[in-house]
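Trainee: I am new to this structure and would like to go through it slowly. Could you take my questions in turn and show the reasoning behind each answer?

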Amino acid sequence: MTRKNILVTGGGGFLGSHLCERLLNEGHSVICADNFFTGNKKNIEALMDNRRFELLRHDVTFPLYVEVDEIYNLACPASPVHYQKDPAQTVKTCVHGAINMLGLARRTGAKILQASTSEVYGDPNVHPQVEEYWGNVNPIGERACYDEGKRAAETLFMSYRRQCNLRIKIVRIFNTYGPNMHPNDGRVVSNFILQALRNEPITIYGDGSQTRSFCYCTDLIDAMVRMMNTGDEITGPVNIGNPVEFTMLQLAGLVKELTSSRSELVFKPLPSDDPRQRKPDITKAKQLLGWTPTTPLEEGLKRTIAYFEDLLRSGEA
């Protein structure tokens, strides 16, 4: 294996920290760039003593000058609670961040991967979602700062590919969960687990019939690395996620069972533009990457519950 110098933007975040660990375990040198708006230094604490790991506090809306072979662009708050807190900055992170990282890739000749999102499909009218589907996104809604920001980033990546022949990769990430999730990110898995562990009411928005597909973090990271390692002719976008679909009621019931919780279910109005269904078609991931997720939801939830139990014991959640 050839050792590479790899930049991971957003490397202190939930998925970024798992990616940094994976790349270090493969023998690469890793530069983690993060402004810690939503990332956490504790996520990468165990990596700090590795001589091949370097941490930079950096905001991708500003240019970065480093010498790298590959770039994984993960920098952006990814939960509605966080990206709606400063929507203008969210758009800037998506767009200016993409421009700056593409510029770095062009200067260094690096291969670059964009961590896009299933949110580019909006509230989909096609189910399951295939990469050819253009989406159903409200461009002026509360979620648009993230949805349209990520769509614009994909446009930039493809434009740099066509104009500059840049070696790009685009993956569209569907709901992912696991250790290192932010305890206050407002995502359904972390919400349900913490409410259940505290025996607080479990909050379900709408009637609980809306669906999501949940992919365990290490399965997701494996797909990203496989995508980066494909030939230059493969650009994506490629959906990566778990195609097994669950309703919010099913998820809440499973979390209650695994935590032996006394929590009751409480129903509240559905937020605006919240997708009714979300399920990836991963045919391309199977064909191009030889990848399918392998971690069952129950097993992944057990590991995630253990992580949040530790946070509660330490007073960090």
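The questions and answers below go through a pocket, the aromatic pairs, the salt bridges and some backbone features.

Mentor: Please keep in mind throughout that this is a predicted model.

Trainee: Which element gives the most to the lining of the second largest pocket?

Mentor: The second largest pocket holds about 340 Å³ of space, and 16 residues line it, with Glu-154, Thr-155, Met-158, Arg-172 and Pro-237 lying nearest its centre. Helix H4 (144-164) and strand S6 (168-173) each supply at least two residues of this lining. With five residues, the element that gives the most is H4.

Trainee: How many residues of that lining are charged?

Mentor: The residues of the lining of the second largest pocket can be divided by kind, and seven of them are nonpolar while two are polar. The charged residues of this lining number seven.

Trainee: Is the aromatic pair of Tyr-83 and Tyr-146 stacked or edge-to-face?

Mentor: The count of aromatic pairs comes to five. In the pair of Tyr-83 and Tyr-146, the ring centres lie 4.5 Å apart with 5° between the planes, and planes under 30 degrees apart count as one kind while those over 60 count as the other. The angle of 5° therefore falls under the 30 degree cut-off, and the pair of Tyr-83 and Tyr-146 is stacked.

Trainee: Which helices hold Tyr-83 and Tyr-146?

Mentor: This pair links distant parts of the chain, its two residues being 63 residues apart. Tyr-83 counts as buried because its relative accessibility is 1%, and Tyr-146, with a relative accessible area of 6%, is buried too. Tyr-83 lies in helix H2 (residues 80-83), and Tyr-146 lies in helix H4.

Trainee: What is the angle between the planes of Tyr-307 and Phe-308?

Mentor: Tyr-307 counts as buried at 17% relative accessibility, and Phe-308 counts as buried at 0%. Their rings form an edge-to-face pair, 5.2 Å centre to centre, and the angle between the planes is 70°.

Trainee: Which residue lies over the face of Phe-36?

Mentor: Aromatic rings appear in other settings as well, and ring pairs link Tyr-121, Tyr-133 and Phe-174 into a cluster. In the case of Phe-36, the partner sits at 5.9 Å from the ring centre, and that partner is Lys-41.

Trainee: Which residues join Arg-22 and Glu-26 in one network of salt bridges?

Mentor: The structure holds 16 salt bridges, and in one of them the closest N and O atoms of Glu-26 and Arg-22 are 2.7 Å apart. Glu-26 counts as partly exposed at 25% relative accessibility, as does Arg-22 at 24%. Salt bridges that share partners join these two into one network with Asp-222 and Arg-226.

Trainee: Are Glu-119 and Arg-143 buried or exposed?

Mentor: Glu-119 and Arg-143 form a salt bridge whose closest N and O atoms are 3.1 Å apart. Both residues lie in the loop between strand S5 (111-117) and H4, 24 residues apart. Because buried means under 20% relative accessible area, Glu-119 at 11% and Arg-143 at 8% both count as buried.

Trainee: How many residues apart in sequence are Lys-284 and Glu-132?

Mentor: The side chains of Lys-284 and Glu-132 meet in a salt bridge of 3.0 Å, N to O. Lys-284 lies in helix H8 (residues 283-289) and Glu-132 in the loop between S5 and H4, so this pair ties together parts whose separation in sequence is 152 residues.

Trainee: Which residue does a cis peptide bond join to Pro-237?

Mentor: Most peptide bonds are trans. One cis bond joins His-127 and Pro-128, with omega of about -10°, and Pro-128 is placed in the loop between S5 and H4. Pro-237 lies in the loop between helix H6 (217-228) and strand S11 (238-240), and the cis bond there, with omega of about 10°, joins Pro-237 to Gly-236.

Trainee: What is the phi of Asn-165?

Mentor: Most residues other than glycine have a negative phi. Asn-165, in the loop between H4 and S6, counts as exposed at 59% relative accessibility. Although Asn-165 is not a glycine, its phi is positive, at about 55°.

Technical notes. Residues are numbered from 1 along each chain as its sequence is written. This is a predicted model: local features need pLDDT of at least 70, side-chain atom pairs count only at pLDDT 80 or more; totals for chains, interfaces and linings use all residues. Side-chain values use heavy atoms; hydrogens and water are left out. On a 1 Å grid over the protein atoms alone, a cavity is a set of points where a 1.4 Å probe fits but cannot get out, and a pocket is an open set with protein on both sides within 12 Å along at least five of seven lines; lining residues have an atom within 4 Å of a point. Grid points are joined across faces, edges and corners, and a volume is the space filled by probe spheres set on the points. Helices (H or I, at least four residues) and strands (E, at least two) are DSSP runs, numbered from the N terminus. Ala, Val, Leu, Ile, Met, Phe, Trp, Tyr, Cys and Pro count as nonpolar, Asp, Glu, Lys and Arg as charged, and the others, Gly among them, as polar. Rings of Phe, Tyr and Trp (its six-membered ring) pair if their centres lie within 6.5 Å; planes under 30 degrees apart count as stacked, over 60 as edge-to-face and the rest as tilted. Buried means under 20% relative accessible area, exposed over 50%, partly exposed in between (1.4 Å probe, protein chains only). A charge sits over a ring if NZ of Lys or CZ of Arg is within 6 Å of the ring centre and within 35 degrees of the ring normal. A salt bridge is a side-chain nitrogen of Lys or Arg within 4 Å of a carboxyl oxygen of Asp or Glu.
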